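Please take the sequence and the coordinates together, and follow the chain from its overall make-up to its packed interior.

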Amino acid sequence: MKKYIIIFLLIFQYGFTTEKDSLSTINPFLKFHQVSEDFFDDCDACGCSASGGSMGFASMLNTNFVGIRYFNQSYKSSDGLYSNSAWYNESYNTMQVWARIPVVKKVQISALIPYHFHNRESANGKQNVSGIGDITILGMYQLYQTQKDSTVLVHSLQAGAGIKVPTGKFDEANNGSFNPSYQVGTGSLDYLLATEYVVKRKQFGLNTMLNYVIKTENDKNYRFGNQFNYSGTFFYLYEKEKYSIAPQLGFAGEVYEDNYQLGQKVRNTAGDIFFGKLGFEIGKDKFSVGANVMLPISQNLNGGNLEANYRWSLNLNYSL
């Protein structure tokens, strides 16, 4: 199954790269990024190692940068034992240091270091968990980029791989609850495969992304299910000599496989969710600020015992 998904990722993205054009730049922000702003929700629907909540892994304006970002994810959950079981609010908060740095020609490394502070209601009152999360490192290689000048279309295709290191704490007591993702880490070393295709005509563009996360068993014999993410973002680049603005509109989806404990499938841990999203970025000199909001359109998480309310993020970046 995994090898077919990987092959599909590459075929889907490469199938659209047919024109031969080139990008032009005026200021540090006009070189729009080559890594999707929607790269990773490596969080099993909410908490855990949440690296982006599908809110992004890179900036739409900054080609290479260092920055900080805050994002919030709001959910409600229930044990689902009875038709009238109580629902409780959950809030997942993350502050990140993130960066995207060129290494050699056609190769760039993206990295993020998250700090989580989550809270939720329960029958016994409020619960809080906080701490450094799992660090993610991703390498991307540029497979194709248009070279000849043209007034028609500009294309770019990238593919890469990475790892998520288990630097965040996994609390074994939580993995038996109705939401085992209420963690700051998965406790496992996970592997990421990603591909992205960008097509642009003048100031208008479309960024599409597919990625697959392969998750391994941690030392507590618990394994979160593998995860497939996809997204598409339409954007418009309003460019001036000293500043740029990039409004964005799109969608994002996540598909979660079942979790396993001691080799046995855990009930009500698979699911999927589909979001609509809206955002913008503004860049001036070497700095940029951005914001994104995501609202669920359809969802089926944890057997219907978990529901997403919304996600949003703010970021401040410095262009390298």
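A contact here means that heavy atoms lie within 4.5 Å. Of the contacts in the protein with a separation of 6 or more, 66% are accounted for by residues 24 or more positions apart. This is a predicted model, in which local features need pLDDT of at least 70 and side-chain atom pairs count only at pLDDT 80 or more, while totals for chains, interfaces and linings use all residues. Residues are numbered from 1 along each chain as its sequence is written, and side-chain values use heavy atoms, with hydrogens and water left out.

The secondary structure comprises one helix and 17 strands, taken as DSSP runs numbered from the N terminus (helices H or I, at least four residues; strands E, at least two). Strands pair if DSSP finds at least two bridges between them, and three of them form an open antiparallel sheet in the order β9-β13-β14. Its edge strands, each pairing on one side only, are β9 (222-223) and β14 (264-265). Strand β13 (residues 260-261) is joined to β14 by two bridges, and Gln261 has Gln264 of β14 as its bridge partner.

Of the 320 residues, 52% are buried, that is, under 20% relative accessible area with a 1.4 Å probe, protein chains only. The largest nonpolar core (buried Ala, Val, Leu, Ile, Met, Phe, Trp, Tyr and Cys residues joined through side-chain atoms within 4.5 Å) has eleven residues, including Tyr75, Tyr256, Phe275, Met294 and Ala308. Two or more residues come from each of β12 (243-256), β15 (271-284), β16 (287-301) and β17 (306-319). Leaving aside residues up to four places away in sequence, Ala308 touches Ser74, Tyr75, Ile273, Phe275, Pro296 and Gln299.

Notes:
Buried means under 20% relative accessible area, exposed over 50%, partly exposed in between (1.4 Å probe, protein chains only).
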